[in-house]
Amino acid sequence: MCGIMGYIGSKNASEVIINGLARLEYRGYDSAGIALTNKDLYINKKAGKISNLRSELDFSELAPYNTGIGHTRWATHGIPSDLNAHPHSDCKNEIAVVHNGIIENHSAIRQILQKYDHDIKSETDSEVIIHLIEYYYERYSLAEAVMKAVVRLEGTYGLIVISKREPEKLIAARNGSPLLVGIGDNEMIISSDASAIIEHTRKVIYLKDREVFEIKRDNFMAFDLEKGLVDREIEEIDWNIEAIEKQGYDYFMLKEIFEQPETISNGFRGRTVQDYGMIRLDGLRLSEEELNEINRIIFIACGTSWHAGLIGEYLIEEYARIPVEVEYASEFRYRKPILRRGDLVIVISQSGETADTLAALKEAKSKGIKVLSICNVVGSTITRESDGGVYIHAGPEIGVASTKAFTSQVTVLILLSLFLARRRDMNSEEIKVYIEHLLAIPEKVSQILSNNDYIRDIAEIYKDKSNFLYLGRGINFPVALEGALKLKEISYIHAEGYPAAEMKHGPIALIDENMPVVFIAPRDEIYSKVLSNMEEVKARKGKIIAIANQGDNDIKEYADHIIYVPPVRKMLSPLITVIPLQLLAYHVAVMKGCNVDQPRNLAKSVTVE
Ligand code: F6R
């Protein structure tokens, strides 16, 4: 986790870095700090959010500094405190580092360095890095010292180092934690992701694992730790700054919920050929033979992306008739999974940087299995490590709670299931009908969003409850899980999702007049069964909030509150039913005074195990 930032050029480095860190704050917000250099080394770091640090800084006084680094932290080793905040400096206060990742052998390095009288002040794993560099910096240049030091590190790092002895350069290194360099006009910006770079330049280079860059304001040199000097190509970012602004919404999460008509369209745009009943997913990079050989698909993901994977299981098994398994990435990698010829692994990740998902991907690849990815962030590690895949094109998702990425992932999974179904049993006429219905979804999502005020009123009624149950069946069971996750992560209310019929095997014991139960109850083939489950809740005085189809009058008999959504084909239903659940969670959290975009203890991209 953590966001890191570096700048070298002719501007006031402190301003550029603090503004960049604000864009990276979703990656962690336990503490923030900056280090600047020209002939001296200036460091300021504080526990708490970036605003805390910002209020300490006198930017006009710091204007002479044109080189610097910054950090926003998500604590792993050591409590959030001023002392544990980055940047960390060496004993002579000559060099400083910001680090994102985990150094697994930090205790062993710490012990050795202490024998050489290094004064390591913090509890972090990161501080050992700068003392190790200091050790080599007695005999080598800064770039050489960093290269010597990083080969001693076990674990993951994205790091940037500055020195007051060589203030005209930044040294950046990467292994397992994302890092990219923005190439500006006589300036360079380094960041954990493109959101902090885009306002300066669209030209970027993504560092690869085990690479070290020496960066000056007008040029750079890239070194591979094994091969030495390497050539690196410059890529172009294809989205703009408006995509990462709030644009009048109180929170990014709300903006992202409201973007869904457009982001869902972006997910299917250019991928359907309605006249021919065809789906095009060129990024899969699978030969005809490989496609025909698929015997089993294994989705691997975490959190919300895992819920999308569960929906993928329903879709692909029902429409393409291929067996599917859905794995938690964190479990898969440690479980000696059985993988065979004919298996296809598909990892799903919004950020493309989730450490568990990346490790699972590598595990599958090491067994000779083809791995595809469904990701949002272009150029992210997972997309580069996989054999092919599909971008969801949801645009930057800043709110920590995933919303638009989920519906975009589901959109791509719908396309994938149709693509595979077409090669098996489904004919082009059927595909044409599904495409037609899919194309109508954004308009239907807009209709639901126009009910925002009504959903807010329901949130007002239930905001003080301590527990919620979410129940759904079939393809809407994962939506129940997702609704519960949204509520718990941003409002800190305990919520559970269950298949509706499982309720009677345990959770029913929890139901009394204080338990709100959210039912996802579209009028599909198991609708009548869901009504029976509602009956069971009602009999125990539970309060029912139902997500039901417009025109469904029967449900009035059961539910205390009904949020109507347009009826759609079953396959498309999660794209519709999840929207009111996102809004419900959002409003409850806002009413409880929670910081919706940055919930406690969470970070957007979980790049640690
Ligand atoms: C929940 C949420 C997380 C992520 C999970 C995986 O709202 O955002 O559960 O879904 O950490 O992240 P990605 O998709 O980036 O791999």
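Biologist: How much area is buried between domain 1 and domain 3?
Modeller: This is a predicted model, where local features need pLDDT of at least 70 and side-chain atom pairs count only at pLDDT 80 or more, while totals for chains, interfaces and linings use all residues. Residues are numbered from 1 along each chain as its sequence is written, and side-chain values use heavy atoms, leaving out hydrogens and water. Buried area here is the accessible area (1.4 Å probe) that two parts lose on being put together, summed over both. Carbon and sulfur atoms give 51% of the area between domain 1 and domain 3, and the total is about 960 Å².

Biologist: Which three residues supply 53% of what domain 1 buries against domain 3?
Modeller: Contact (heavy atoms within 4.5 Å) links 11 residues of domain 1 with 11 residues of domain 3. On the domain 1 side, the trio that beats any other three residues is Y26, Y29 and W74.

Biologist: How many salt bridges cross the interface of domain 1 and domain 3?
Modeller: The rule wants a side-chain nitrogen of Lys or Arg within 4 Å of a carboxyl oxygen of Asp or Glu. Across the interface of domain 1 and domain 3, the number it finds is zero.

Biologist: Why does C375 have no disulfide partner, and which cysteine sulfur is closest?
Modeller: A disulfide needs a pair of cysteine sulfur atoms within 2.5 Å, and the structure holds zero of them. C375 is buried, because its relative accessibility is 0% and buried means under 20% relative accessible area (1.4 Å probe, protein chains only), with over 50% exposed and partly exposed in between. Its sulfur is too far for a bond, since 12 Å separate it from the closest cysteine sulfur, in C302.
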